Amino acid sequence: MATPPNSSRRTGQSAAAKASPATTTPPQAKKEAPATAKATATAPPATVPPLPALTLRQVQYFVALAHSRSFTQAAQALSVTQPALTAAIRQIEFLLGGRLFERSAHRLTLTEAGTTILPLAERLLNAARGTFDDMTSTFTLQAQTVRIGFIPSVAARLLPVLGSLREAHPGVRFALSDLPNSELVAALARGEIDLGVGIRDEDDEAVSAEGFRCDDLFDDEIVLVARHDDPLAKAASATWAQLTERDLAVFVRGNVSDSLRRTGGSHNLRLEPKYRMEYTEPLYALVRSGLALAILPKLYTLHLHDPDLVALDVTAPRVTRTVALMSLDGKERGPQVSACRDWIAKHLAT
């Protein structure tokens, strides 16, 4: 069958076009074209999530007013005018979506929401202060500060451990506070300290709360301190039953009184302290004068070098308390806090 002329002409033109170098794209160019386009494309900028509109200064205003329960007193403490403080509190309540205070003519109280928010606000402020201190000390001291609270009785064992840490890591600094155990736990919960070395008290709701970490270090035994010429001092130890008819002295703070009460209750013994002293020396003075026997943690007797006094174990049963390293799990201000916690756990645990 003959090919139509027009068809032959189109075929020839098509062949010529395929053969023409001006219109032919080399295979290599075809492969490189996508890569060139990809190289010139601009990556989208990373998005940064916005911070809440609530400022640290506003949080500070709320905490100050929550503690003073007076706009006048809080404004004076903050060095601001009362109208400015009132406007700031209204702004905070607007941003959070609810009332923080119940106001009346003669009384200012926290709402249920305000009561819940207060410890969170305190923790935020204390964390911010600690972080700012770290930032400034980076330039001034070339060091990081770890805030540590401890009960007084552990000082003799804890402080040498911190001294060895300073020798190994000269860039670490400490802010130290000796506190009763209940205040220690509260300060840690508020974020005022980074680490606490105190007594694990299972009855304390804060200790058992989620996120509160306790690493047991060692057990501290409750012992007796008697005058050297006391009949009990002739033996190596005494029993709780032998103490029921004696006048006992304890520290006004701490959990020794609670331990006595539990021990006496479980063994049907009368173990009620007659004297409660604030400091060690008055407690020992009571013993020297023959007015009482002292019941206290063994840690307090580690450096007892008084020829008039003798420390004795108390048995049947032996009563101990657990010394623990406390922190807020996962909320360390920086690696220096974690490193300090690990060091204490390694060198203080027995």
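Student: What percentage of the 350 residues in the protein chain is buried?
Tutor: Worth saying up front: this is a predicted model, where local features need pLDDT of at least 70 and side-chain atom pairs count only at pLDDT 80 or more, while totals for chains, interfaces and linings use all residues. Residues are numbered from 1 along each chain as its sequence is written, and side-chain values use heavy atoms, with hydrogens and water left out. Buried means under 20% relative accessible area, exposed over 50%, and partly exposed in between (1.4 Å probe, protein chains only). By that cut-off, the buried share of the 350 residues is 37%.

Student: And how many helices and strands are there in the protein chain?
Tutor: Helices (H or I, at least four residues) and strands (E, at least two) are DSSP runs, numbered from the N terminus. Counted like that, the protein chain has 12 helices and 12 strands.

Student: For contacts with a separation of 6 or more, what share comes from residues 24 or more positions apart?
Tutor: Contact means heavy atoms within 4.5 Å. Among contacts in the protein chain with a separation of 6 or more, the share from residues 24 or more positions apart is 73%.

Student: Which residues of the largest nonpolar core touch the most other members?
Tutor: A nonpolar core is a set of buried Ala, Val, Leu, Ile, Met, Phe, Trp, Tyr and Cys residues joined through side-chain atoms within 4.5 Å. The largest one has 36 residues, and the ones touching the most other members are Leu158, Val197 and Ile344.

Student: Which elements each supply at least two residues of this core?
Tutor: Both strands and helices are on the list. The elements are S3, H7, helix H8 (181-190), S5, strand S6 (212-227), S12 and helix H12 (335-348).

Student: Why is strand S5 (residues 195-199) described as largely enclosed by the rest of the structure?
Tutor: Look at its partners before the count: S3 runs parallel to S5 with three bridges, and S12 pairs with S5 in the antiparallel sense over four bridges (two strands pair if DSSP finds at least two bridges between them). Val197 has contacts including Gly149, Phe150, Leu158, Leu217 and Val323, leaving aside neighbours within four places in sequence. S5 is largely enclosed because its buried residues number five of the five.

Student: Which residue is the bridge partner of Gly198 in S12?
Tutor: On the S3 side, Ile148 has Leu195 of S5 as its bridge partner. In S12, the bridge partner of Gly198 is Ala324.

Student: Is Ser153 buried or exposed?
Tutor: Ser153 is in the loop between strand S3 (144-150) and helix H7 (155-168). Not counting residues up to four places away in sequence, Ser153 touches Leu299, Tyr300 and Arg321. Its relative accessibility is 6%, so Ser153 counts as buried.

Student: With which side chain does the Ser153 side chain make a polar contact?
Tutor: A polar contact is a pair of N or O atoms within 3.5 Å; within protein, one must be able to donate a hydrogen and the other to accept it, and residues adjacent in sequence count only if both atoms are side-chain atoms. For Ser153 the contact comes in at 2.7 Å, and the partner is the side chain of Arg321.

Student: How wide is the arc covered by the buried residues of helix H4?
Tutor: The buried residues of H4 (residues 71-78) are Phe71, Ala74, Ala75 and Leu78. An α-helix has 3.6 residues a turn, so residues three or four places apart point the same way. The arc is that of the directions from the helix axis to the C-beta atoms. The buried set sits on the same side of H4 because it covers an arc of only 100°.

Student: Which exposed residues are on the face of H4 turned away from the buried side?
Tutor: The buried side has its cover, including helix H3 (56-68), helix H5 (82-96), strand S1 (101-103) and strand S2 (108-110). The face turned away carries the exposed residues Gln76 and Ala77.

Student: Which residue with a positive phi follows H10?
Tutor: The loop to look at runs between helix H10 (256-266) and strand S9 (275-277). The residue there counts as exposed, because its relative accessibility is 73%. With phi near 55°, the residue is Asn268.

Student: Which residues does a cis peptide bond join?
Tutor: Go to the loop between strand S11 (309-315) and strand S12 (320-328). One partner has a positive phi of about 55° although it is not a glycine. Omega is about 0° for the bond joining Ala316 and Pro317.
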